[in-house]
Amino acid sequence: MTASPLEAVGLLVACGGTAAAISAPGRRWRWIALTVALAAALALLAGDVWDDPRFADLRSSPALIGAGALLLAVVIPTAVWAFRRWRWAFPVLAFAVLALRLPMRIAGETSSLLVPLYLVIAAGLASALWEEFGPGATPPRALRPEPRPVVWLRRLLAAALVVYALQALYSADVSNAIENVCFFLAPFGALFMLLADVRWSERLLASAAIAIAAIAVGYALVAFAEYASRDLILNSELLKSNQIKPFFRVNSVFHDPNVLGRYLALVIIVLGAGVAWSRGGGWAALATATGLVLLAALVLTFSITSFIALLIGLIVLAGLRHGLWGAAAAAAATVAVAAAFFALGGAGGDDNGPERGINKVTSGRVGLVEGGLELAEDRPLLGWGSGAFGRAYFDQIRETETTTSHSEPLTVAAEQGVVGLALYVALLGSMLRVMFGAGVRSSAARSAVAACMVA
């Protein structure tokens, strides 16, 4: 076991508590389990980074820690009051800040963290706890019965969390596994539960769609300004790369242009669903115009994979709205566009042959895939441990600057072996079954979520 005893306890409590909340039969137990899980995640993260030199300034500054605590003491209660007064505020705000990262400079290094989203999650959980246990709390509200596929989806999500924690105990990079748990798995598990508890209506769904579209337009405007000025807000390395390339990639408020591209693609798909299921009129025209603005910003990211995701999502929408023939027509149009792109030399080979040409066009991802397959073959059953892909690739395959596989199934296979990959495949299958269940074609919202998932 590579994790220390305290790290092992923290990982098991953080992931186990989140898993218990996802599968718990009652609302009160869910909120209690989530509170324990997030507290454990916070303590686990603090223990992992406390001795890091980057946090020396923070450790030696009680005033700064006190100011942060005071800020939380003001922000969280205010947000709780707002969420209890306006029930729609939590889900709409959660979607609005979902991808917003704040750059935080610590000891000369800048890290981009989902601070706004973490604050919304904390306030949402505090609001749920107040409703259940605060003064004047009403008797526990009965849980709505869920279809069997949803019940199985919850169970598989819970199992995936527990397995991730167990496989982090022998990981080649325990610290990275801890960061994944504390920054993503535990808080996103809490967000999942809080959003699942919302009483969704068509008006609330429309409000969430309007919020993400408005935020996306803001990101697009920043991207347009970057392109016009030939300057970037973040990522000096990308700026240097832009100076030696024949095109200029924008990233708006994100570190990576591909992340901006993914966000814009998903919002365009949501807008497309709104247009496809609407009866025309002003809202459909506004959604179309907004989608075109976002598409223009997506072009400036030069993110090929984001375009692929967008096209696949739109094909799914066409199939859900117009049946098999609609999907076939959309797919045929996509193939025609792709063929024209390749014919014009958009992704041709180079002097080193077609395989190396593809590797160059994909920024070395062919080599990463090949190395990832080697890692998976070396430890096929249990893998190298949760969060260990980058460290194992660097140590066992080759020392490179980029060690992210960019392929989630490959990452799971290398880190968690056949055990984790089987659970991953089962989870995806369960999600598809829930997303594309009965009634999906009659709902713009469900169709949008299903298409976004596939994209």
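This is a short tutorial dialogue on reading pockets, helix faces, cysteines and aromatic pairs in a predicted model.

Me: Let's start with empty space. How much space lies in the second largest pocket?

Reply: Rolling a probe the size of a water molecule over the atoms shows where empty space is left. Here, the second largest pocket holds about 400 Å³. Its lining is made up of 18 residues, and Arg87, Glu131, Asp197, Val198 and Arg199 are the closest to the centre.

Me: Which helix gives the most to the lining of that second largest pocket?

Reply: That is H6, with four residues. Helix H2 (27-49), helix H5 (89-96) and helix H6 (115-133) each supply at least two residues of this lining. By character, the lining divides into nine nonpolar, six charged and three polar residues.

Me: Now a helix. Which residues of helix H16 are buried?

Reply: In helix H16 (residues 389-397), the buried residues are Phe389, Gly390, Ala392, Tyr393 and Ile397. They lie on the same side of H16, because they cover an arc of only 165° around the axis.

Me: On to cysteines. How many disulfides does the count come to?

Reply: A disulfide is a covalent bond between the sulfur atoms of two cysteines. In this model the count is zero. Take Cys15: the closest cysteine sulfur, in Cys182, is 8.3 Å from its own sulfur, which is too far for a bond.

Me: Is Cys15 buried or exposed?

Reply: Cys15 is buried, with a relative accessible area of 1%. Cys452 is buried as well, at 18%.

Me: What about aromatic rings: how many aromatic pairs are there?

Reply: A pair of aromatic rings is described by the distance of the centres and the angle of the planes. The count here is 11 aromatic pairs. One of them joins Phe184 and Phe188, edge-to-face, with 6.0 Å centre to centre and 80° between the planes. These two residues are four residues apart in helix H8 (residues 174-196), so about one helical turn separates them. Phe184 is partly exposed at 28% relative accessible area, and Phe188 is partly exposed at 34%.

Me: Which pair links distant parts of the chain?

Reply: Look at Tyr219 and Phe254, an edge-to-face pair with 5.1 Å centre to centre and 80° between the planes. Tyr219 sits in helix H9 (residues 202-229), while Phe254 is in the loop between helix H10 (236-243) and helix H11 (257-276), 35 residues apart. Tyr219 is buried at 6% relative accessibility, and Phe254 is buried at 4%. Together with Tyr263, Tyr219 and Phe254 form one aromatic cluster.

Technical notes: Residues are numbered from 1 along each chain as its sequence is written. This is a predicted model: local features need pLDDT of at least 70, side-chain atom pairs count only at pLDDT 80 or more; totals for chains, interfaces and linings use all residues. Side-chain values use heavy atoms; hydrogens and water are left out. On a 1 Å grid over the protein atoms alone, a cavity is a set of points where a 1.4 Å probe fits but cannot get out, and a pocket is an open set with protein on both sides within 12 Å along at least five of seven lines; lining residues have an atom within 4 Å of a point. Grid points are joined across faces, edges and corners, and a volume is the space filled by probe spheres set on the points. Ala, Val, Leu, Ile, Met, Phe, Trp, Tyr, Cys and Pro count as nonpolar, Asp, Glu, Lys and Arg as charged, and the others, Gly among them, as polar. Buried means under 20% relative accessible area, exposed over 50%, partly exposed in between (1.4 Å probe, protein chains only). The arc is that of the directions from the helix axis to the C-beta atoms. A disulfide is a pair of cysteine sulfur atoms within 2.5 Å. Rings of Phe, Tyr and Trp (its six-membered ring) pair if their centres lie within 6.5 Å; planes under 30 degrees apart count as stacked, over 60 as edge-to-face and the rest as tilted.
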